[in-house]
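This report describes one protein chain, moving from its overall build to a handful of individual residues. The sequence and the model are shown first.

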Amino acid sequence: MKPFTALLGAAAGTHAADQMALATLPLTATLVLGAGPDLLGLLVAAQSASWLLVSLPAGAWIDRLPRRRMLIVALTLGLAASIVAVAAAATGYVFLLGLAAIAGASGTVVYVLTSVSLLPSLVAAGDLPRSNARLELARAVVSLAAPFVAGLLAQHLSPTWGYALAALGACLALACVLALPEGNAPAVAGERASLANAIRLGASFVVRNDLLRGISLCAIFWNFAFFALLAIWAPLALGPLGLDPAQMGLAQSAYGAGLILGAVVAPVTARRLPPLVTLIFGPAVSIVAALMFLAAPSGKGLVLAAGGYFLVGFGPMLWLICQTTVRQLVTPSPLMGRVNATVQTAIYGIRPLGALAGGLVAAHAGMNAALLLIAVSFALSTLVIVLSPLARLRAMPAPVQIPSRA
């Protein structure tokens, strides 16, 4: 099996396991363990917190240990989490289900950061856009399918069957990772003394690099806006838009369709358009989406909301694939894990703040004010790109060339 094919198979299995576990958690907690909204919220928060708490130390370890070994650790965590979740459902221990949620999400964090860091060593620099697009397409497809599959299993068999499928996905991913070639640890000599110092060096590199700084700030503003939108979506859809729950779900599913189309189109745009076009288009089209949500209450709410969700899936997916490639090209291999972890932590750190801001503004100033906040945040994410060197990037940067150890 070719190395990239193995990594692609591992990506499909890992994201299938992660999304099945994500969709199965609330069903198991509610239908099997009888958890109420407060306990369910705590379980979902524990699952989400792993992305924020684990990323930075994981990034440092990715730069210290062979990356194939880190992938094996990540997938083993995911497999163990599925087994523990089934045990929790069988014994009725909610605490065990929470541990399973944290362990499974932590495994996904380590896998995602490691795979992004490993990819530049498996494919040529010119193939990075297409390879990143294929990896993101695998994630988008399973993200769209997992909630539906988990719901069918819960209705006709048992919610815990979702964890069985998650375990199967982790096993398939583990088999693919074992087909990858062994690699040496990429860490730079002299950085093993302090984990905190290693993390600081990665964050410092992001702050000092103009391209990475622009990418990070754009992602922060965009994720703030998107999670503010998610926070107000249900009251917006069921209130001013006059949608029923089925129409609400249909409109939101357009987001998944946008993600898939963006991943399919990304290799073509990478070949035919300069990076600056994609990097500006991604956040800019989100402004159009926000305006569509603003106009939706005046009529054709379902069409405009679905169109808005499609755009915030399509454009930002193109942006994500393009900026991931830029990150991989400008980051030295010994810093790759920590740089990716720094960006990831910034993104996941801002998401709860965006959701909180969206809900508070909607509650105290009205839905239109919240939608304006979202539009302004999307506009700021675009402005960051326009004012940064990313807006002058007519070709992908040359891969950084430094010795693997110094």
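The model is predicted, and of the 406 residues of its chain, 52% count as buried. The accessible surface of the chain comes to about 16900 Å², and carbon and sulfur atoms account for 71% of that area.

**Overall build**

The chain holds 13 helices and 0 strands, so that, read along the sequence, its pattern is α-α-α-α-α-α-α-α-α-α-α-α-α. Its radius of gyration is 21 Å, close to the 22 Å that the globule rule gives for 406 residues, and the chain is therefore as compact as a globular protein of that length. Taken along the principal axes, the box filled by the C-alpha atoms has dimensions of roughly 60 × 55 × 35 Å. When contacts between residues at least 6 apart in sequence are considered, 86% of them join residues at least 24 apart. As for charge, the chain carries 21 positive and 9 negative charges, and the mean positions of these two sets are 9 Å apart.

**Cysteines**

Why does the structure hold 0 disulfides? A disulfide requires two cysteine sulfur atoms within 2.5 Å, whereas the sulfur of Cys-171 has its closest cysteine sulfur in Cys-176, at 11 Å, which is too far for a bond. Seen from the other side, the sulfur of Cys-176 has that of Cys-171 as its closest cysteine sulfur, again at 11 Å and too far for a bond. As to their surroundings, Cys-171 counts as partly exposed because its relative accessibility is 38%, while Cys-176, at 14% relative accessibility, counts as buried.

**Residues in helix α11**

Helix α11 spans residues 301-330 and includes Ala-306; Gly-313 lies in helix α11 as well. Once residues up to four places away in sequence are set aside, Ala-306 touches Ala-251 and Ala-254, and its C-alpha atom is separated by 13 Å from that of Ala-246, which lies 60 residues away along the chain. Gly-313, for its part, has a relative accessibility of 0% and therefore counts as buried. Leaving aside neighbours within four places in sequence, Gly-313 is in contact with Tyr-255, Gly-258 and Leu-259. The C-alpha atom of Gly-313 is also 7.3 Å from that of Ala-257, although the two residues are 56 apart in sequence.

**Ala-363 and Asp-63**

Is Ala-363 buried or exposed? With 61% relative accessibility, Ala-363 counts as exposed, and its place is in helix α12, which covers residues 336-365. Asp-63, by contrast, is found in the loop between α2 (37-62) and α3 (67-91), and because its relative accessibility is 1%, Asp-63 counts as buried.

**Separations in sequence and in space**

The table sets the separation along the chain beside the C-alpha distance for the residue pairs discussed here, including those of Ala-363 and Asp-63.

| Pair | Separation in sequence | C-alpha to C-alpha distance |
|---|---|---|
| Ala-306 and Ala-246 | 60 residues | 13 Å |
| Ala-363 and Ile-232 | 131 residues | 9.3 Å |
| Gly-313 and Ala-257 | 56 residues | 7.3 Å |
| Asp-63 and Ala-198 | 135 residues | 9.1 Å |

For Ala-363, then, the partner listed is Ile-232, 131 residues away along the chain and 9.3 Å away by C-alpha atoms. For Asp-63, the partner listed is Ala-198, at 135 residues in sequence and 9.1 Å in space. These individual pairs can be read alongside the figure for the whole chain, in which 86% of contacts between residues at least 6 apart in sequence join residues at least 24 apart.

Technical notes:
Residues are numbered from 1 along each chain as its sequence is written. This is a predicted model: local features need pLDDT of at least 70, side-chain atom pairs count only at pLDDT 80 or more; totals for chains, interfaces and linings use all residues. Side-chain values use heavy atoms; hydrogens and water are left out. Buried means under 20% relative accessible area, exposed over 50%, partly exposed in between (1.4 Å probe, protein chains only). Helices (H or I, at least four residues) and strands (E, at least two) are DSSP runs, numbered from the N terminus. The radius of gyration is taken over C-alpha atoms; the globule rule is 2.2 Å times the number of residues to the power 0.38. Contact means heavy atoms within 4.5 Å. Accessible areas come from the Shrake-Rupley method with a 1.4 Å probe; for residues, only the protein chains shown count as cover. Lys and Arg count as positive and Asp and Glu as negative; His and the chain ends are not counted. The place of a charge is taken as NZ of Lys, CZ of Arg, CG of Asp or CD of Glu.
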